[in-house]
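Grab a pencil and open the structure viewer. Try each task yourself before you read its solution.

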Amino acid sequence: MAVDVILGLQWGDEGKGKIVDYLAERYDIITRFQGGPNAGHTLIFDGQKFVLHTIPSGIFRPTQINLIGNGVVIDPITLEKEIQKLEAASVDYHERLLIARKAHLILPTHRYLDAASEAAKGKAKIGSTLKGIGPTYMDKTGRNGMRAGDILRPDFEARYAALQEKHLQLLQIYPSIEFDLAGEEAKWFASLEKMRQLQQVDGEYYINQALKDGRRILAEGAQGSMLDVDFGTYPFVTSSNTISSGVCNGLGVAPSQIGEVIGISKAYCTRVGSGPFPTEEDNATGERLRSEGGEFGATTGRPRRCGWIDLPQLHYTVMLNGVTQLVITKIDVLNNFESIRAATHYHYDGADRETLPYDLCSVEVEPRYRDFPGWQTSLEGIESYAGLPAGARDYLQALEAQLGVPVTMVSTGPDRKQLILKEEVRVMG
Ligand code: GDP
Ligand code: IMO
Ligand code: MG
């Protein structure tokens, strides 16, 4: 048995939630391994829409266990809100939602620090979701953090007060921003009561025992590979390892236990927040992609920047993740375009290249494109790959050929059912 992984190959919002929700019925355990409430994963089925931030996207399947792994950072306030939505939809999560004790906690002052740090950066701001992600991971690596398991310790409040005091001192170096600390703190402690009722586990033992017992496990990535703290467009990245290697640290499984790596890419490309985006169409084409694709952030509501698919970028993330299968989402968004573009190379340092420069932030790359004719027809009701218009199949085949990885699924709309299996998805677990 092995842990299969689903993750985003671009700058996030590739449709991970939808694909995890769809595939979840083939697994016993669905688990998040990094990130936190900066994520917004949208699930649409039976006429209902849910956006998950911390809870894995397998929670709507009736028997699957959903584990929030140790690599995740948890804000109890967001978690409680998500649980309330599950309760309102009569989802029985009690026996099926588990938290790894070693997952770190986002304190109100982490969010406060995030906002102050962004304010201090001015025009150079990252465009953070302001959920406190960076400061929480800084406390984790700085060895100051508080973890989910700590909420059951008798000295919890004293530890909280000590960490908050550190944060308040740190905040003095930043420009002052408006923040209702007392109000947020009261909400945070109230939400902790809900969190105390949830089952906590030693995630690393839990997952390794599950592997021994032959249970099928799916790890759900958050953000996208180009936001990885090591390999993304640094410093315009998030603060965790979003690539497949993050599964090992974020769950406590060995590299030899990773099975299929299912990489998701939109049929075009988006980014929310600041930072380089070589194939961005900051013009009417980008606006058209945004409106046809409903490209507004699931967590912050911000308009997403839009552009064409970028093969040098995807090549890079296919390599970093060891992708074994590709899923292409939102192909329907291209339905009405007369022609479609895919960047095949970057021109920089006097030559066309297939590799990314050391620093995309400081090297101006000029994408070289290949044009494809659009299919200009609706995909509504098409259920087989053979039934797709020839133009769409040609485009998908070109992606497959360029990236050297088979496409196993094509998503043709936001609903769980709007999915075409090109070939049977391989499940290791
Ligand atoms: P995630 O963060 O990767 O889970 O993706 P988000 O939920 O942030 O953003 C994906 C958006 O596209 C959501 O609004 C989905 O409902 C929607 N979506 C997913 N797949 C498709 C698709 O194939 N076609 C269309 N039109 N929308 C899709
Ligand atoms: P999902 O899981 C898209 C971006 C932010 C910002 C940068 C750093 O839904 O794909 P952070 O809050 O982590 O400090 O922000 O990363 N970002 C995302 N963009 N989808 C996400 O998650 C993202 N999570 C963070 O916009 O540019
Ligand atoms: Mg999202």
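The exercises below work through a predicted model, starting with a sheet and ending with the ligands.

**Exercise 1. Work out which strands stand at the edges of the open sheet of ten strands, and what that does to them.**

Solution. Step one: write down the strand order, which is E9-E7-E5-E2-E10-E1-E11-E15-E19-E20, with mixed pairing. Step two: look at the two ends. Strand E9 (199-201) and strand E20 (419-421) each have a single partner strand, so one side of each has no neighbour in the sheet. Step three: add the twist, which averages 25° from one strand to the next.

Now zoom in on one pair from that order. Strand E2 (residues 29-32) and strand E5 (residues 65-68) run parallel and are joined by four bridges. To find one of these pairings on screen, click isoleucine 30: its bridge partner in E5 is asparagine 66.

**Exercise 2. Find the strands that pair with E16, and say for each whether the pairing is parallel or antiparallel.**

Solution. Keep in mind that strands of a sheet pair through backbone hydrogen bonds, in either of two senses. Take the partners one at a time.

- Strand E14 (residues 309-310) runs parallel to E16 (residues 339-348), with two bridges between them. Here aspartate 310 has alanine 343 of E16 as its bridge partner.
- Strand E18 (residues 366-373) is antiparallel to E16, over eight bridges. Histidine 345 sits opposite arginine 368 of E18.
- Strand E17 (residues 351-353) is also antiparallel to E16, over three bridges. Tyrosine 346 is matched with arginine 353 of E17 as its bridge partner.

One last detail: E16 and E17 form a hairpin with two residues between the strands, and aspartate 349 in it has a positive phi near 50°.

**Exercise 3. Which protein atoms are the donors of the magnesium ion (ligand 3), and which parts of the chain do they tie together?**

Solution. First, pick out the donors: Asp13 (OD) and Gly40 (O), at 2.1 to 2.2 Å from the ion. Second, place them in the chain. Aspartate 13 is in the loop between strand E1 (3-8) and helix H1 (16-23), while glycine 40 is in the loop between E2 and strand E3 (41-45), so the pair links parts 27 residues apart in sequence. Third, check exposure against the cut-off: buried means under 20% relative accessible area. Aspartate 13, at 22%, therefore counts as partly exposed. Glycine 40 has 12%, so it counts as buried.

**Exercise 4. Describe what surrounds ligand 1, and how much of it the protein covers.**

Solution. Start with the neighbours: 19 residues surround ligand 1, and the closest are Gly15, Lys16, Thr42, Asp332 and Ser411. Next, look at contacts to its oxygen atoms. A polar side-chain atom of serine 411 lies 2.5 Å from one, and a polar side-chain atom of lysine 330 lies 2.9 Å from one. Glutamate 14 brings a backbone N or O atom to 3.1 Å from an oxygen atom of the ligand. Finally, the cover: ligand 1 on its own has 580 Å² of accessible area, of which the protein covers 92%. The elements giving two or more residues to the shell are H1 and E3.

**Exercise 5. Do the same for ligand 2: which residues come nearest, and how much is buried?**

Solution. Among the 20 residues around ligand 2, those that come nearest are Lys16, His41, Thr129, Gln223 and Thr238. For the contacts, an N or O atom in the side chain of threonine 129 is 2.5 Å from an oxygen atom of the ligand, and one in the side chain of threonine 238 is 2.6 Å from an oxygen atom of ligand 2. As for area, ligand 2 taken alone exposes 560 Å², and the protein buries 97% of that.

Note on methods
Residues numbered from 1 in each chain as written. Chains lettered and ligands numbered in written order. Predicted model: local features only at pLDDT ≥ 70, side-chain atom pairs only at ≥ 80, totals over all residues. Heavy atoms only, no water. Pairing = 2+ DSSP bridges. Axes fitted to C-alpha atoms, helices over the stretch in contact; angles between N-to-C directions. Donors = N, O, S within 2.8 Å, 3.2 Å for Na, K, Ca; no water. Buried < 20%, exposed > 50% of the residue type's maximum accessible area, 1.4 Å probe, protein only. Near = heavy atom within 4 Å. Polar contact = N/O pair within 3.5 Å; in protein donor to acceptor, adjacent residues only side chain to side chain. Areas by Shrake-Rupley, 256 points an atom, 1.4 Å probe, with all protein chains shown as cover.
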